[in-house]
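Please open the model in a viewer and keep the sequence panel visible. The tour below proceeds by selection, and each stop states what is to be found there.

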Amino acid sequence: MDLSGKRILLIISGGIAAYKSLDLIRRLRERGAEVRPVMTKAAQEFVTPLAVGALSSGHVYTELFSREDEQDVGHIRLARDCDLVLVAPATANLMARMAHGLADDLASTILLATDRPVLIAPAMNPKMWEAAATRRNVETLKADGISFIGPMAGEMAESNEAGLGRMAEPLQIVDAAIRMFDGGAKPLSGRKAIVTSGPTHEPIDPVRYIANRSSGRQGHAIAAALAKLGADVTLVSGPVTIPAPAGVTILHVETASEMLDAVETRLPADIAVMVAAVADWRVATSADQKIKKQPGEAPAPLLLTENPDILKTVGHHAKRPKLVVGFAAETQNIEANGRSKLERKGADMIVANDVSPQTGVMGGTRNRVKIISADGVDAWPDLGKDEVAERLAALIAERLASK
Ligand code: CTP
């Protein structure tokens, strides 16, 4: 779908990212949208109304109390005479004014007066994005039904700080705008995803095995969250006691080798999320018969051999999925170990978590993760595993859209 015939009221507020709005106007128009720009006073410090007007080939609205503009369309009509209100960039200041219902200039008045869907693309310094006041405003705006695209992680234009705060790229904003019209078409529709989950069991003999404490909760939740966003999901699960999530194809396996085989049969795919706590080792030759105690003799030593690394195999595969996500279960040096896994395993993203016994992550229902990628590190707060899964699925959809 494109944006043919859609009338977009583009509000540009005052941040360095305003320079990207020029490209955004071009991209929106390329897809057939009609763009009517509104600029705040601060926005005009970054780009000129002349440039914005030239690209949108129309009038640029800047003043609440402009006699001509008010006679021409008037701010109430401006607020209603469109199919979407898009704010890009949305500064912390404009978001705060929106959250509090202020109407002290043309942009904020339109945002208060409009009855149209509103999509905003925040852009600000990472510290401002993280600030408690901004967190509150974001929650308020979301509860008010405002849609968000971004902010993204990465280097800031004005400083060498990195983190969450960069405005989404114009094409990502265009995609988000299209999704707003698509009746909420699911962002992962038509995408194939493979998720591994749970522990593996490596047999010692017919009755004994090597295992770990993984419950499969996080992996299963991620499979469910990807399916909710429209992906065609295959969940390759080790032995778990939790139920299979709805809407996914589940393949049950026991050992790491079986898990690898199952994953490979599902390639090619767009997304691979390797969450399973795969046993690193298996018994070199598991016994065919139960190993018996021999009175007076020392127990038979277990000779271990390394299991295939499923994530690494997928990360370097001839049919490598476009987006490969791994987990890093660590008990120390979480970030450094996570980064080295990103490299070594050929992943695009590592979800690193602290699984020290005192955290209760292994087998528990909560998780505190850090998202490590080439863009940097993003530390998420302590969340339920379902919430981590939902956020991760949304991030995957976003990253895939920008690839
Ligand atoms: N993984 C895998 N196959 C393996 C081992 C791990 O697919 N044989 C995947 C896990 O699913 C996870 C990631 O690799 O996504 C990291 O797992 P982790 O156990 O933390 O890392 P290891 O490779 O075991 O590294 P180390 O032992 O050095 O911590």
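Begin by selecting helix α10, which contributes three residues to the lining of the largest cavity, the most of any element. This is a predicted model. To display the whole lining, select Ile149, Gln172, Asp175, Arg179, Glu398 and Ala401. The elements that supply two or more of these residues are α10 and α15, the latter spanning 385-401. The volume of the largest cavity is about 40 Å³, and the structure holds one cavity of 30 Å³ or more. Coloured by class, its lining shows two nonpolar residues, one polar and three charged.

Keep α10 (residues 170-181) on display and add helix α1, residues 18-30. Two packed helices are described by the angle between their axes and the distance between the axes. For α1 and α10 the angle is about 45° and the axes lie 9 Å apart. The two helices are therefore oblique to each other, and α1 passes α10 in a right-handed crossing. To view the contact itself, select Lys20, Asp23, Leu24, Arg27 and Leu28 on α1, which meet Pro170, Leu171, Ile173 and Val174 on α10. This contact comprises six nonpolar residues, three charged and no polar ones.

Leave α1 in place, hide α10 and show α3, whose residues are 49-56. How do the axes of α1 and α3 cross? They come within 9 Å of each other and cross at roughly 10°. Because angles under 35 degrees count as roughly parallel, α1 is described as roughly parallel to α3. On α1, select Leu22, Ile25, Arg26 and Arg29; their partners on α3 are Ala51, Val52, Leu55 and Ser56. By class, five residues of this contact are nonpolar, one is polar and two are charged.

Next, select Ser57, in the loop between α3 and α4 (67-72). Its phi is near 45°, a positive value in a residue other than glycine. Most residues other than glycine have a negative phi, and most peptide bonds are trans. Where is Asn333? It lies in the loop between β16 and α14, and its phi is likewise positive, near 45°.

Two peptide bonds merit a stop of their own. Select Ala88 and Pro89: the bond from Ala88 to Pro89 is cis, with omega near -5°. Pro89 belongs to strand β3, residues 84-90. Then move to Gly150 and Pro151, which are also joined by a cis peptide bond, with omega about 5°. Pro151 is located in the loop between β5 (147-148) and β6 (152-155).

The final selection is the second largest pocket, which encloses about 1,000 Å³ of space. Of its 40 lining residues, Ala276, Ala277, Val278, Phe327 and Ala329 are the closest to its centre. Which elements give two or more residues to this lining? They are β8 (192-197), α11 (217-228), α13 (310-315), β16 (323-330) and α14 (334-345). Colouring the lining by class gives 18 nonpolar, 14 polar and eight charged residues.

Methods:
Residues numbered from 1 in each chain as written. Predicted model: local features only at pLDDT ≥ 70, side-chain atom pairs only at ≥ 80, totals over all residues. Heavy atoms only, no water. 1 Å grid on protein atoms, 1.4 Å probe; cavity = no way out; pocket = protein on both sides within 12 Å on 5 of 7 lines; lining within 4 Å. Points joined across faces, edges and corners; volume = space filled by probe spheres on them. Helix = DSSP H or I, 4+ residues; strand = E, 2+ residues; numbered from the N terminus. Nonpolar A, V, L, I, M, F, W, Y, C, P; charged D, E, K, R; others polar. Axes fitted to C-alpha atoms, helices over the stretch in contact; angles between N-to-C directions. Parallel < 35°, antiparallel > 145°, perpendicular 65-115°, else oblique. Left-handed = near helix turned anticlockwise from the far one by under 90°. Contact = heavy atoms within 4.5 Å.
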